[in-house]
Amino acid sequence: MDILGYLARPNGLPLLSPDRRISEEYQQPAVSPLGFVEPNVIVDGDVPDIPDVILISAPAAVGKSWLARYLSAETGNPLVDLGAFSVGSMHYSGLFAEVYGPEGIGRFVEMLRAGDATLIVDSADEALVRVGSAAFEDSLVDLVKLIRSSVKRQAAGVVILGRGDTIQDCAAQLELEGVRVLNARVDFFNESTARKFVKAKIRTSGGRPIAELDDFLSEFFSYVSQALDVKDFDGARDFLGYAPVLDTLAEFYQSSPNPMKLLQSLEVTEDSRHIWVLLSRVIRAVCRRETMKFGNNFGGDSQDKVEFARKVYTPEFQFRLLLSDGHSRKPEPDIPDDADPTWLDDLMERIEQQFKEHPFRVERYGDPSRRGVINPLIRFTSPAFRDYVLAWGLANLDGREVQTLVHYAESPQLNPTPMLSRFIFLDDVYTNDKVLSPAILATIADSLASVDETAGVRLWIAQSSAQEPLILRLAGGQGLVSDVELALDGTQELTLGRRAAHLVADVPDFRIVAGSGQAEFVLGPQSDITCATFSSEAAEVRVRSGEGAEPSTLVVDQLMGSTQRVVAPHAPALRIITDEIRFPWQRFHWEPNLGEESWRDLYFAGTLLKRLVTWFTRPSMGKGGLQFPCVAMDTILSKGRAPSDVFDFCKAQGYLTVRKPGPVYSLEFPFAVPVILSIYFEDENYVNFLREFIEWRRTVWSPERIQS
């Protein structure tokens, strides 16, 4: 779709007021970004002849701001960066008065109403997060008053760009105002535009010759398509056409002496880990190049000094520097014991000089180090680089440093991407054991929830017993990606930050705090949480429901918190199972229609079965269905990390058998695995199974066996 055809080509815009205090946030017009490749934009729904407002949604980190600048530069229309403002009921009226002055505001509003000018609005997400939905909706009402016209307009009055959920809220409010809206979304690049994107990145950065680039890209696209078990680029478009991945690929191509050889050497694995292993290798290759470069620069003709410098300026030390905020003590490198003392005289000065040119790092406007504390996560050239380095920091830094990183990751300046939730499970991210602080849960959950669709990938938090660590697991349509442990240190509380989507939290002894310090908390789609207490601390909760997805579910003993408003597209989008419901959650209270049977008994039985089956979803444990090595499972059962009662029931009733070679335990049920994982009471065979188990447990399973 050609968005430009719907925009005005203004002639005679009023001049910006010389007395305005707003400059960078309001450009007329913006400067087109260098090397910009126009993305694929798709229209959803009906297309009005001339819309009043164009809404453009896009996933995180695909270049919405670049698109906004491009639209402004190509048409000459003004661009406003909404993320710099606390919007409210008279925001746009006050903004236009500020930038155009009393003489120009009337002229500009007339042009908007006639369609002789189009206002480009960027960073709607940041504004919404900053002030909450009520104030944001008030600002939209103000904007509608300014552009509403009784005559046929020549072009759209406003273009608003944001993430899917923000644009959905805008559409709902504008519909109430009777505004004609064109809904569009930025799609992932197709193969042709992906190639153009990589070439443009390399050309604009003055990189290596691109004569052999097409062959390299063909090899890379083919490799990833095979890894994802799809036929071609289009089958893996949500990965291969994702701008941050292409950013990383361009940097890798430029920085590697022989990128084709490195690409061909990567070992293909059985599940989706190898995609992220590839990106990890790409990112680390860039850092190793920096290590080699610093060694050569620092060591000169002395090979011993070159080797010393390379041991100092490691990728891990670069990661520490990249995560430094200018406030905490500056990271210091590990110095080899046999180092020549004279080499240390100007070491840190030379490191600082080298680090200023690091390919992952960029100085933001108004962001020099001399100004004090800087959020280091806004200073990365690519979200892929940022998320990998952040994953490394969350996995390896100490408790206080991890808390600081979590704080920075929650900043409204940052848009989470799903990449962090993949990188955090890679083995090569961890220097020591794969054990994480529970403080990182909110950051990982925000990452996974940053996209509406995850191809079946879900984040699991499983409580095996009070004495064992929690298990954090990433699983999906292609099976389990990996596990890590959460070291609890005695805590019985977990925290969710801005969002919880595609999440299964099975922690019946824990308290979960959601949305603390946030104006809003977004729940869903596809979130199932079982806990002792759910404390919702955001003033507003927005419930999301994916197309065709089951409702999100809360099973809690106690529901509490300070939430005053819950917004949902429809009541079935959320089911709350609890004995005592409170304001404002009443319309979501749900009790299964199971006759005289206690739903709590059934839900308890369903939870036990789900805990057992999640161990069997790991593809590396056995091929051909739900299988798990006998010796490993016997150890897990003896430690109480899987429920032995439901295990023994399945064995007694023939649902669980032993197969050779291996030997392995194998599970087979007369209902689908998703029914088990979602505790879906609408499946008659599943409910009958649970009833049989409850009766068997009551009559056959002895209390002594339960205690043991």
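These legends accompany close-up views of a predicted model.

**View 1. The whole chain, with 24 helices and 23 strands.**
The model is predicted. Of the 708 residues, 56% count as buried. The chain exposes about 30,700 Å². Carbon and sulfur atoms supply 47% of that area. Among contacts between residues at least 6 apart in sequence, 70% join residues at least 24 apart.

**View 2. The largest nonpolar core, a set of 143 residues.**
Ile56, Leu71, Leu394, Leu496 and Ile529 touch the most other members. Helix 11 (residues 273-299) gives the largest share of this core, 11 residues. Apart from this core lies another, of 43 residues. Its members include Tyr603, Leu626, Phe669 and Phe671.

**View 3. Leu496 and its contacts.**
Neighbours within four places in sequence are left aside here. Leu441, Ala442 and Ala445 are among the contacts of Leu496. Leu503, Ile512, Val513, Ala514 and Gly515 also touch Leu496. Phe521 and Ile529 complete the set. Leu496 and Ile529 are both listed among the core residues that touch the most other members.

**View 4. The second largest cavity, with a volume of about 120 Å³.**
The model has 5 cavities of 30 Å³ or more. The second largest is lined by 15 residues. Leu390, Ala409, Pro416, Leu420 and Thr443 lie nearest its centre. Helix 15 (383-396) and helix 18 (441-448) are the elements that give two or more residues to the lining. By class, the lining has 6 nonpolar, 4 polar and 5 charged residues.

**View 5. Helix 21 (residues 644-652) and the glycine just after it.**
Six names mark the buried stretch: Asp645, Val646, Phe647, Asp648, Phe649 and Cys650. Two of the names are aspartates, Asp645 and Asp648. Just after the helix, Gly654 takes a positive phi of about 85 degrees.

**View 6. Ile202 in helix 6 (residues 191-204).**
Is Ile202 buried or exposed? Ile202 has a relative accessible area of 1%, so this residue counts as buried. Ile202 and Glu251 are 49 residues apart in sequence. In space they are 7.7 Å apart, C-alpha to C-alpha.

**View 7. Thr491 in the loop between strand 11 (482-486) and strand 12 (493-496).**
Thr491 is partly exposed, because its relative accessible area of 27% falls between the 20% and 50% limits. Beyond neighbours within four places in sequence, Thr491 is in contact with Pro438 and Phe510. Pro438 is 53 residues from Thr491 in sequence. The C-alpha atoms of Thr491 and Pro438 are 8.9 Å apart.

**View 8. Ser536 in strand 16 (residues 527-536).**
The relative accessibility of Ser536 is 1%, so Ser536 counts as buried. Residues up to four places away in sequence are not counted among its contacts. Ser536 touches Ala514, Val541 and Met560, among others. Gly561, Ser562 and Thr563 also touch Ser536, as does Trp585. Ala514 is in contact with Leu496 too.

**View 9. Two cis peptide bonds, Gln28 to Pro29 and Phe583 to Pro584.**
Most peptide bonds are trans. The bond joining Gln28 and Pro29 is cis, with omega about -15 degrees. Pro29 is in the loop between strand 1 (26-27) and strand 2 (40-44). The bond joining Phe583 and Pro584 is also cis, with omega about 0 degrees. Pro584 is in the loop between strand 20 (574-577) and helix 19 (599-616).

**View 10. Positive phi at Ser123 and His502.**
Most residues other than glycine have a negative phi. Phi of Ser123 is near 65 degrees. Ser123 is in the loop between strand 5 (119-122) and helix 3 (124-131). With 9% relative accessibility, Ser123 counts as buried. His502 has a phi of about 55 degrees. His502 is in the loop between strand 13 (499-500) and strand 14 (503-514). His502 is buried, with a relative accessible area of 0%.

Note on methods: Residues numbered from 1 in each chain as written. Predicted model: local features only at pLDDT ≥ 70, side-chain atom pairs only at ≥ 80, totals over all residues. Heavy atoms only, no water. Helix = DSSP H or I, 4+ residues; strand = E, 2+ residues; numbered from the N terminus. Buried < 20%, exposed > 50% of the residue type's maximum accessible area, 1.4 Å probe, protein only. Contact = heavy atoms within 4.5 Å. Areas by Shrake-Rupley, 256 points an atom, 1.4 Å probe, with all protein chains shown as cover. Core = buried A, V, L, I, M, F, W, Y, C linked by side-chain atoms within 4.5 Å. 1 Å grid on protein atoms, 1.4 Å probe; cavity = no way out; pocket = protein on both sides within 12 Å on 5 of 7 lines; lining within 4 Å. Points joined across faces, edges and corners; volume = space filled by probe spheres on them. Nonpolar A, V, L, I, M, F, W, Y, C, P; charged D, E, K, R; others polar.
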